[in-house]
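Here are a few notes to go with the model, set out point by point. Please have the viewer open while you read.

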Amino acid sequence: MTAPAPIAMLAELTYRCPLSCPYCSNPVEMAAREKEISTELWVDVFRQAAGLGVLQLHLSGGEPASRRDLVDLVAGARDAGLYTNLITSAIGLTQRRLAELDAAGLDHVQLSLQGTDADMADRIGGYNGGFKRKMQAAAWIVEAGFPLTLNAVVHRQNLHQLPEAIEMAVEMKARRIEVAIVQFHGWAMLNRSAMMPTRAQADEASRVVAEARKRLKGQLVIDYVPADYHGDYPKRCMGGWGLSGLNVTPDGLVLPCHAAQTIPNLVFDNVADKPLSDIWYHGGAFNAYRGEDWMQEPCKSCDRRKLDFGGCRCQAMAIAGDPAATDPTCIKSPLHSRMQELAQGFSTDDTAELVYRKSP
Ligand code: SF4
Ligand code: FES
């Protein structure tokens with residue numbers, strides 16, 4: 001198929017992070033600081049991305065504020081004409097640095113929330129005193145006038161705090177909250193037993209979100225990523241493989257999604273070796289699962305195939321051992337009941353300890 005131009009790029013600036021969240025989607029093997037690409041190369045990539053059609057740039061990590069050149073990177077992205085969104089834990093952001101980011105043209109801040117109180121947030125983030133610092137930084141972010149989105153990853157250990165998280169977003173004058181039930185990719189795969197929500201929790205989360213959406217209409221936008229292990233149809237992951245977004249890792253690899261390195265047969269190109277447009281249009285990894293030609297039954301003849309493009313390739317790899325299989329979340333997958341058994345088993349394991357992410 002002829003690929004459309006990408007709309008969004010996720011730039012994972014570094015895998016370094018002061019927090020150690022067990023739900024992290026970064027890979028278990030992370031590129032070290034010495035392998036991170038330079039300021040100049042990032043800015044060149046931003047220019048190439050804008051030339052390719054990208055409109056929104058999400059600056060992420062790890063913790064993007066761990067890069068000393070963050071302000072220069074934001075300025076470079078704005079010069080390239082990109083809308084810039086900083087995805088941060090806010091640890092490492094001072095009032096002065098926020099003012100510099102503002103002056104450099106940063107458009108939006110997305111702040112992660114590990115819990116609604118210090119006990120929960122510091123335990124999940126693995127960082128004592130982190131919640132207090134985050135709340136202080138949140139106040140500075142709002143004071144500086146940045147539009148704010150809260151990003152609450154919820155799981156078995158903190159789902160009871162969801163109503164409070166939504167209230168916090170209102171109190172903090174956030175415009176949006178993204179409620180994401182933990183997705184098991186990368187490091188999070190090590191924590192399926194400790195974090196898998198129960199079916200009752202997953203259903204309750206959907207109810208809470210539906211009620212809050214109605215009540216807060218016009219005041220707060222609520223994005224919601226439901227629990228896919230408990231679902232009946234998969235999500236359209238990444239808006240469809242190679243159709244609307246791309247990721248660049250700290251060492252310059254260009255991926256069709258943040259977890260694509262879990263698919264063993266794919267070869268990824270590096271921005272240091274090839275132009276971004278070549279990689280997007282002609283790269284082997286991008287063309288492997290683009291469109292529908294690669295599909296097997298039941299997706300191949302399913303009338304939902306243009307809606308969800310067969311779901312998530314990384315999940316098909318993780319559960320079915322075949323990245324071209326139907327996402328086992330789907331009720332039509334032969335592995336659907338296996339997926340539900342897994343969910344049931346993991347969600348009732350009360351002995352599992354959290355495995356904290358390690359920074360490279
Ligand atoms: Fe989507 Fe494939 Fe399931 Fe149809 S069979 S709903 S295309 S995942
Ligand atoms: Fe890779 Fe869904 S996370 S396609």
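How many bridges join strand β4 to β5, and do they run parallel or antiparallel? Strand β4 (residues 108-113) is joined to β5 by 5 bridges, and the two run parallel. Please bear in mind throughout that this is a predicted model.

1. **Overall dimensions.** Let me begin with the chain as a whole. For 360 residues, a compact globule would be expected to have a radius of gyration near 21 Å, and the protein chain agrees with this at 20 Å. Taken along the principal axes, the box filled by its C-alpha atoms is roughly 55 × 45 × 40 Å. Of the 360 residues, 48% are buried. The secondary structure of the protein chain consists of 13 helices and 9 strands.

2. **The sheet.** You may like to trace this one on screen. An open sheet is formed by 9 strands in the order β7-β6-β5-β4-β3-β2-β1-β8-β9, with mixed pairing. Its edges are β7 (221-225) and β9 (254-255); each has a single partner strand, so one side of each lacks a neighbour in the sheet. As background, strands of a sheet pair through backbone hydrogen bonds, in either a parallel or an antiparallel way.

3. **Strand β5 and its partners.** Strand β5 covers residues 148-154, and 5 of its 7 residues are buried, so the rest of the structure largely encloses it. On the β4 side, Ser112 is found opposite Asn151 of β5. Strand β6 (residues 176-181) also pairs with β5, in the parallel sense and over 6 bridges. There, Val154 faces Ile181 of β6. Together with helix α6 (residues 162-171), β5 and β6 make up a right-handed β-α-β unit.

4. **Strands β3 and β4.** Strand β4 is mostly covered too, with 5 of its 6 residues buried. Strand β3 (residues 83-88) runs parallel to β4, and 4 bridges join them. Leu86 has Val109 in β4 as its bridge partner. Between these strands the chain passes through helix α3 (residues 95-104), in a right-handed β-α-β crossover.

5. **Strands β1 and β8.** Here is another pair to look at. β1 pairs with strand β8 (residues 245-248) in the parallel sense, over 4 bridges. One bridge to check is that of Leu10, whose partner in β8 is Asn247.

6. **The annotated domain.** The unreviewed UniProt entry lists residues 3-215 as "domain: Radical SAM core". Over that range the chain is 41% helix and 16% strand, with 40 Å between the end C-alpha atoms.

7. **The annotated cysteines.** UniProt, again in an unreviewed entry, gives Cys17, Cys21 and Cys24 the feature "binding site". Where does Cys17 sit along the chain? Cys17 lies in the loop between β1 (8-12) and α1 (39-52). Is Cys17 buried or exposed? It counts as buried, because 26 C-beta neighbours lie inside 10 Å of Cys17, while the threshold for a buried residue is 20 or more.

8. **Around ligand 1.** Finally, which residues come nearest to ligand 1? Among the 14 residues around ligand 1, the nearest are Cys299, Cys302, Arg304, Arg305 and Cys330. By class, the shell around ligand 1 has 6 nonpolar, 3 polar and 5 charged residues.

Note on methods: Residues numbered from 1 in each chain as written. Chains lettered and ligands numbered in written order. Predicted model: local features only at pLDDT ≥ 70, side-chain atom pairs only at ≥ 80, totals over all residues. Buried ≥ 20, exposed ≤ 12 C-beta atoms within 10 Å, placed from the backbone. Pairing = 2+ DSSP bridges. Right-handed = clockwise from strand over helix to strand, strands pointing away. Near = placed C-beta within 6 Å. Nonpolar A, V, L, I, M, F, W, Y, C, P; charged D, E, K, R; others polar. UniProt positions renumbered as here; feature names shortened; annotations may be inferred. Rg over C-alpha atoms; globule rule 2.2 N^0.38 Å.
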